[in-house]
Amino acid sequence: MDKRDKQFYTDLAFKSELHNWRTPDWLFNTLNRYFNFQADVCANDSNYLCDKYFTLENSCFDNPWSNMNYMNPPYGRKIGTFLKEALHQWKEHNRMTVALLPSRTDTKWFHNYINGKAHIFFLRGRLRFNDQPNPAPFPSMIVFWGVDDHRSLQLLWQTVQKGRDEQSK
């Protein structure tokens with residue numbers, strides 16, 4: 001990671017509440033029941049979801065990942081840096097990652113690190129993040145690097161959509 005990317009991580013990822021929203025509990029709990037995550041690779045001391053987590057001081061760019069990881073990276077301009085690392089962890093180290101991301105199919109990062117390289121679930125509607133009074137101003141997707149059990153993914157998808165529908169009521 002170059003110096004500019006580390007500066008972004010310092011300046012934006014851990015200071016801007018608008019880019020670092022905590023995953024809705026119902027969604028993380030649903031995903032965690034299926035995957036039993038070992039690490040939250042994009043967290044801070046107030047929003048981590050796994051006992052093992054990476055922060056600015058203990059960065060996901062400087063430490064080995066677990067075999068099954070969860071990621072809700074900062075949604076700023078440099079989100080691709082995190083997604084590139086998730087793809088690298090899968091391709092080079094066989095470490096799986098599930099990520100909650102803004103659905104931005106028109107971006108370079110989507111085409112470089114997700115499209116054709118991972119499984120994708122597009123969530124219906126807009127998520128309401130735990131710490132925000134209103135729904136997100138963008139649609140969301142869940143991305144799976146290294147998760148290839150199609151039957152389990154289909155069952156998970158049905159469970160996530162059901163949970164999403166219940167949250168919308």
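Okay, before anything else, one term: a residue is buried when its relative accessible area is under 20%. Hold on to that cut-off, and keep in mind that this is a predicted model.

Let's try the term on a cysteine. Cys50 comes out at 6% relative accessibility, so Cys50 counts as buried. What about Cys60, then, buried or exposed? Cys60 is buried too, with a relative accessible area of 1%. Now, how many disulfides does the structure have? The count comes to 0. For Cys60, the nearest cysteine sulfur belongs to Cys42, and that sulfur is 4.6 Å away. A disulfide would need the two sulfur atoms within 2.5 Å, so Cys60 is in no disulfide.

Let me step back to the whole chain. There are 169 residues, and 52% of them count as buried. The secondary structure comes to 5 helices and 6 strands. If you read along the sequence, you get α-α-β-β-β-α-β-α-β-β-α. And here's something about the contacts: take those between residues at least 6 apart in sequence, and 69% of them join residues at least 24 apart.

Now find helix α2, residues 25-35. The buried residues in α2 are Trp26, Leu27, Phe28, Thr30, Leu31 and Phe35. A general point helps when you look at that list: an α-helix has 3.6 residues a turn, so residues three or four places apart point the same way. Just after α2 you meet Asn36, which takes a positive phi of about 50°.

Moving on, Ser59 sits in the loop between β2 (52-53) and β3. Ser59 is a loop residue, and still buried, because its relative accessibility is 4%, under the 20% cut-off. What does the side chain of Ser59 have beside it? One of its polar atoms lies 3.0 Å from the backbone nitrogen of Phe61.

Follow the chain to β3, residues 68-71, and you'll find Asn69 in that strand. Asn69 has a relative accessible area of 0%, so this one is buried as well. A polar atom of its side chain is 2.7 Å from the backbone oxygen of Ser66. Which residues does Asn69 touch, leaving out those up to four places away in sequence? On one side of the numbering there are Phe37, Ala39 and Val41, and then come Arg95, Met96, Thr97 and Val98.

Next stop is Ile114, in the loop between α4 (108-113) and β5 (119-122). Ile114 is at 0% relative accessibility, which means it counts as buried. Setting aside neighbours within four places, Ile114 is in contact with Leu83, Leu101, Trp109, Ile120, Met141, Val143 and Trp145. Pick out Trp145 from that list: Trp145 and Ile114 are 31 residues apart along the chain, yet their C-alpha atoms are separated by 8.2 Å.

Last topic, empty space. Rolling a probe the size of a water molecule over the atoms shows where empty space is left. How many cavities of 30 Å³ or more does the structure hold? Just 1, and the largest cavity has a volume of about 50 Å³. What lines the largest cavity? You've got Trp21, Arg22, Thr23, Asp40, Cys42, Ala43, Asn47, Leu49, Tyr70 and Asn72. By class, that's 5 nonpolar, 3 polar and 2 charged residues. Notice Cys42 in that lining; its sulfur is the one we met earlier, 4.6 Å from the sulfur of Cys60.

That's my tour, thanks for listening.

How values were computed
Residues are numbered from 1 along each chain as its sequence is written. This is a predicted model: local features need pLDDT of at least 70, side-chain atom pairs count only at pLDDT 80 or more; totals for chains, interfaces and linings use all residues. Side-chain values use heavy atoms; hydrogens and water are left out. On a 1 Å grid over the protein atoms alone, a cavity is a set of points where a 1.4 Å probe fits but cannot get out, and a pocket is an open set with protein on both sides within 12 Å along at least five of seven lines; lining residues have an atom within 4 Å of a point. Grid points are joined across faces, edges and corners, and a volume is the space filled by probe spheres set on the points. Ala, Val, Leu, Ile, Met, Phe, Trp, Tyr, Cys and Pro count as nonpolar, Asp, Glu, Lys and Arg as charged, and the others, Gly among them, as polar. Buried means under 20% relative accessible area, exposed over 50%, partly exposed in between (1.4 Å probe, protein chains only). Helices (H or I, at least four residues) and strands (E, at least two) are DSSP runs, numbered from the N terminus. A polar contact is a pair of N or O atoms within 3.5 Å; within protein, one must be able to donate a hydrogen and the other to accept it, and residues adjacent in sequence count only if both atoms are side-chain atoms. Contact means heavy atoms within 4.5 Å.
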